[in-house]
Structure formats: structure tokens, C-alpha cells
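Subject: Structure for you to look at

Dear colleague,

Here is the structure we spoke about, and below it you will find some notes on the surroundings of its ligands.

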Amino acid sequence: MPENMELSEFKPGTKVAFIGSECYPFIKTGGLGDVMYALPRALAPMGCEVRVFLPCYRCIPEKYRSQMKHRGSFMMDLTQDGRSFFVGIMELELDGLIYDFIENREFFDWGNPYTGLWEDIPKYCYFSKACLAALNYLQWVPDVVHCHDWQAALVPVYLRTRFDGTPVGNARSVLTIHNLRFQGICTIDHLKYWTGLPDFLFDYAVFKVNDREANMFKGGLAYADRVTTVSETYAEEIQTDFYGEGLNGHLSYHREKLHGIVNGIDIDIWNSRTDRLLTAVYGEENVLAAKAVNKKALQERLGLTVDEGKFVVGLISRLTDQKGLDLINAIFEQMINDEIQVVILGTGDPRYENAFRYYESVYPGQVCAYIKYDESLAHQIYAGSDALLVPSLFEPCGLTQLIAMRYGTVPIVRETGGLKDTVAPYNEHTGEGNGFTFDQYRADLLLKTVRYAQQVYTEDRDSWNRMVVRDMEKDVSWGLSAKLYLRLYEELKG
Ligand code: ADP
Ligand code: GLC
């Protein structure tokens with residue numbers, strides 16, 4: 001892809017509806033929430049008109065709920081037996097961008113966004129159809145509907161069936177895969193009932209998985225005009241058995257319309273020069289001194305031995321097997337030595353939560369397992385650590401390594417998906433690279449890589465420090481990738 005696309009190449013006024021299940025600062029459980037926030041903000045100054053459609057979950061903070069304005073409501077039929085459901089549209093403008101929240105108490109007024117597949121399938125069938133109905137209701141016809149992950153995967157299917165011949169039926173669709181692990185699989189009967197979609201869609205080319213089951217993501221991938229995923233390497237990987245989560249054949253079949261576009265991060269939120277959550281703000285010119293201050297503050301806050309010389313390794317992650325935690329678990333006790341400290345921030349699978357709590361109890365002052373979701377502590381760990389661990393089993397893109405680099409924290413990653421595309425391995429001979437990497441999913445390789453990183457930190461601090469500055473200077477913004485999306489939208493618009 002050309003690096004030198006000029007903004008003047010783009011015609012202003014392309015209209016895009018973003019449709020997804022989460023978006024910072026309203027609701028975020030992982031990187032999808034970051035992308036739904038940051039990509040529209042990168043597109044808007046390029047002349048793209050974006051509106052973001054989200055479910056109106058009860059757990060959205062009151063400070064945003066209270067600012068929402070009622071834009072209208074209507075009834076919409078949904079199920080096979082023709083039951084009608086209420087659709088309310090609540091609107092909020094934040095920093096010049098419009099967010100439309102689909103309101104329905106039956107689906108969104110209780111629990112967390114994701115409450116288990118049995119309830120989530122009806123919830124997101126409803127949501128996908130309601131977004132298209134809302135676009136017609138608002139008389140805002142986008143050029144492109146840009147749908148994200150399985151929760152919005154029915155949008156391209158509804159667009160070409162139930163909404164064909166209506167105003168929004170003129171839009172084209174892009175479906176982005178943020179994580180293929182989650183697909184929205186249930187019985188054929190359940191999906192038929194909740195979508196009310198015709199029988200011919202329940203064959204192998206669209207929803208059908210086997211004689212019993214149907215798959216929402218599979219149907220969306222078949223019907224979308226373009227499919228993107230969040231790094232070029234993951235776009236290749238998902239066409240293989242190991243990473244394809246059962247859809248590799250389907251994705252290879254549709255590969256002509258599959259593109260990898262790497263994520264960026266919002267460089268205003270993640271800005272070490274202005275970050276109010278840090279003890280010391282900094283840029284490349286004073287990173288070393290400021291990092292020492294932030295490290296001390298982090299050690300104090302988390303009850304670790306306060307010592308500037310320790311090699312502090314952070315881990316900020318959903319605690320799931322995706323993130324390579326089995327490798328960390330396998331080598332944890334060998335990795336620990338007197339000069340290393342490990343800080344874990346995350347929630348998720350109880351077996352990992354408990355393993356990390358156990359290590360904290362065995363290594364007091366040296367290991368901290370902070371089993372919570374905590375935005376402000378995340379900022380402090382990114383700034384106060386020397387290295388950040390991301391040894392994922394698979395990683396579509398990964399944002400934590402990008403944030404780490406922006407904060408001058410050296411990533412230690414496995415070469416998979418977006419980690420491979422964004423972290424160039426350190427080369428001690430040429431002095432190039434952004435982090436420490438290993439290829440196969442093997443605990444001994446992770447251990448070797450952490451030891452190597454610690455050795456460079458301890459014995460060759462000048463090289464380490466140059467890498468810190470290189471990482472801070474690396475462009476991890478949405479700049480280029482937003483242009484690639486805009487070009488894709490324009491191609492579709494014709
Ligand atoms: P994924 O989407 O697979 O969870 P990403 O690396 O794309 O992984 O994005 C994770 C995002 O969630 C980052 O912004 C990271 O800082 C944030 N995050 C993950 N766990 C926590 C936590 N426990 N507290 C605060 N932020 C977290
Ligand atoms: C998913 C992936 C992660 C990616 C994020 C945003 O949650 O697990 O790798 O960065 O989506 O695209």
C-alpha cells in the first residue's frame with residue numbers, strides 16, 4: 001500500500017455508519033472499543049462523515065446517558081413468528097461526532113454487554129436489524145455501513161435481503177474481523193427464529209456450519225462487499241487451519257475481498273506529554289528521567305520494592321488463553337530473579353487470575369497481580385514499566401504493544417498477527433528494532449527472550465535507551481490506516 005497518499009486524493013462527504021457492540025468512553029472491554037472510538041475520529045478531519053451506532057446498554061455511565069437526546073422511536077418486526085420490538089434512538093454528540101444508541105430495555109437494560117451466547121444472539125440479531133431500520137428512520141443514508149465483529153455481522157445480510165429496495169439498501173458494506181475466535185454460533189432453529197431470515201440463507205454458503213448449527217459471522221463474511229481485518233499478517237493467518245477457527249476455508253474462498261489494515265491508537269489519549277494520569281509527563285527528550293519518576297510512583301502505588309534499577313515488566317490484558325498466559329504460567333518461577341519485577345493488570349479466566357494472585361503471594365514486593373479493569377492504572381503501567389509482555393497465542397492486531405512503544409516501553413512479543421507487523425525485532429548488530437520477539441508458541445522461547453531483554457537492559461543500557469527513544473518516535477497513529485479505509489470506502493462508493 002502506498003505510504004504517500006495525499007488527503008487531496010479524497011473527495012469530501014463520504015458517509016459511513018460505524019456499527020459495533022462497544023466504543024470507548026461509553027463501554028469498552030477490549031481493543032474493539034478503542035478502534036470504534038479512534039478510527040471515526042481519524043476519518044472525520046479527512047472529510048468523511050461518520051455516525052457511530054451502538055447499543056444503549058444500562059452500564060453506560062450516567063454522565064453520558066444524561067446528555068443523550070431522544071431522536072425518535074418505532075416498532076420493528078424481527079422474529080420468524082413476526083413479533084415486533086421497540087426501537088428507540090438516543091443521540092449524543094461528543095467532540096463533534098454523532099453517536100446513535102439503539103434503545104430497548106428487554107435487550108440492553110440489564111447486565112454487562114455480553115451476558116452469554118444464548119441471550120447475546122437475540123440481542124445482536126435485534127441490534128443489527130435495528131441499526132439499518134434506524135438509518136432509514138433518520139433518513140441518513142450512508143455510502144458504506146462499516147460493521148465490526150460477529151455482533152454486527154448480520155448487517156450485510158439484512159442489507160441485501162430485508163432492506164433491499166429501501167433507502168439504506170443502496171449502501172455498500174464492510175465487515176471488519178477484530179477477533180475470529182468469537183463468531184455467534186447457535187442452532188439453526190434459534191438463528192432462524194430470531195433473525196426471521198428466509199430459509200435459503202441457511203445453507204453452507206451462508207450461515208450453515210453443519211446439520212444442526214448456524215454461524216452469524218460466516219453469513220456476514222459471505223454477504224459483505226469487503227472484509228477487513230486488523231493486520232496484514234492476521235489476514236493471511238486466518239486462511240490457515242491453526243488460526244482460522246473453522247472458517248479458514250470460507251475465508252480463503254472469499255479472499256479476493258479480504259484486506260488487512262493495521263490498527264493505530266488515538267495519539268491524543270495516549271500522549272505521554274499531556275497524560276494527566278502520570279506522575280511525570282515526558283517526551284523523547286526527557287524520557288529516561290521521567291520514566292524513573294513514574295516507575296517509583298508505580299512501585300509505591302502497588303507495594304513493590306522501590307528501586308529504580310529493577311527491570312519492571314508489565315502485562316495489561318484480558319486474561320484469556322489468546323494472550324499467551326499459558327506460556328507465562330509455565331515459566332513464571334524461572335523468569336523471576338532478584339532484579340525483575342512483574343506487574344499484571346487484567347481480569348478474565350479465573351484460572352489465570354488465581355495463578356497470578358498466587359505468584360503475588362509467593363513473591364511479595366516483586367510481583368503485583370492487580371485483578372481489575374482500571375484505566376488510570378493502565379496508563380501508569382505503560383509509563384512506569386521498562387518492558388511490556390505480549391506473548392499471544394494469536395493476536396489480530398494488539399494495541400497494548402503500540403501504546404507501550406508510544407510511552408517508551410519496550411514490547412516483548414510473539415511474532416503473530418499484528419504483533420509481527422508492528423514490532424520489529426531488536427538487532428544488536430545493527431542497533432535497529434523496536435522490541436524483543438520470538439516465533440514459535442513455546443515457553444522456553446519466551447523465557448529466553450525475557451532473559452535476553454533483561455540482559456540488554458542491564459548490560460547494554462545505551463542500546464536499550466536508544467530503543468526507548470526509537471519506540472517513542474515510531475508512528476503508531478491512525479494516520480495511514482485511516483486513509484486506507486477511506487480509499488476502500490471510496491472504491492465501494494464507485
Ligand atoms: P484485546 O482487544 O484482544 O483485548 P488489544 O490489545 O487490542 O486486546 O486491546 C486491549 C485494550 O484494553 C487496550 O486499550 C488495553 O490498555 C486495555 N485493557 C486491557 N485490560 C485492561 C485492564 N485490566 N484495565 C485497563 N485497560 C485494560
Ligand atoms: C480484538 C483483538 C485485538 C485487536 C482488537 C482491535 O479484540 O483481540 O488483537 O487489537 O480487537 O482491533
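In these notes Ala, Val, Leu, Ile, Met, Phe, Trp, Tyr, Cys and Pro count as nonpolar, Asp, Glu, Lys and Arg as charged, and the others, Gly among them, as polar. By that scheme, the shell around ligand 1 divides into 7 nonpolar, 7 polar and 7 charged residues. This is a predicted model, in which local features need pLDDT of at least 70 and side-chain atom pairs count only at pLDDT 80 or more, while totals for chains, interfaces and linings use all residues. Residues are numbered from 1 along each chain as written, chains are lettered from A and ligands numbered from 1 in written order, and side-chain values use heavy atoms, leaving out hydrogens and water.

Of the 21 residues around ligand 1 (near means a heavy atom within 4 Å), G31, R318, K323, Y382 and L399 come nearest. Among the polar contacts (pairs of N or O atoms within 3.5 Å; within protein, one must be able to donate a hydrogen and the other to accept it, and residues adjacent in sequence count only if both atoms are side-chain atoms), a backbone N or O atom of G31 lies 2.6 Å from an oxygen atom of ligand 1, and a side-chain N or O atom of K323 lies 2.8 Å from a ligand 1 oxygen atom.

Around ligand 2 there are 14 residues, of which H178, N263, E395, C397 and G398 come nearest, and a polar side-chain atom of E395 is 2.5 Å from an oxygen atom of ligand 2. The shell around ligand 2 holds 6 nonpolar, 6 polar and 2 charged residues.

Best wishes
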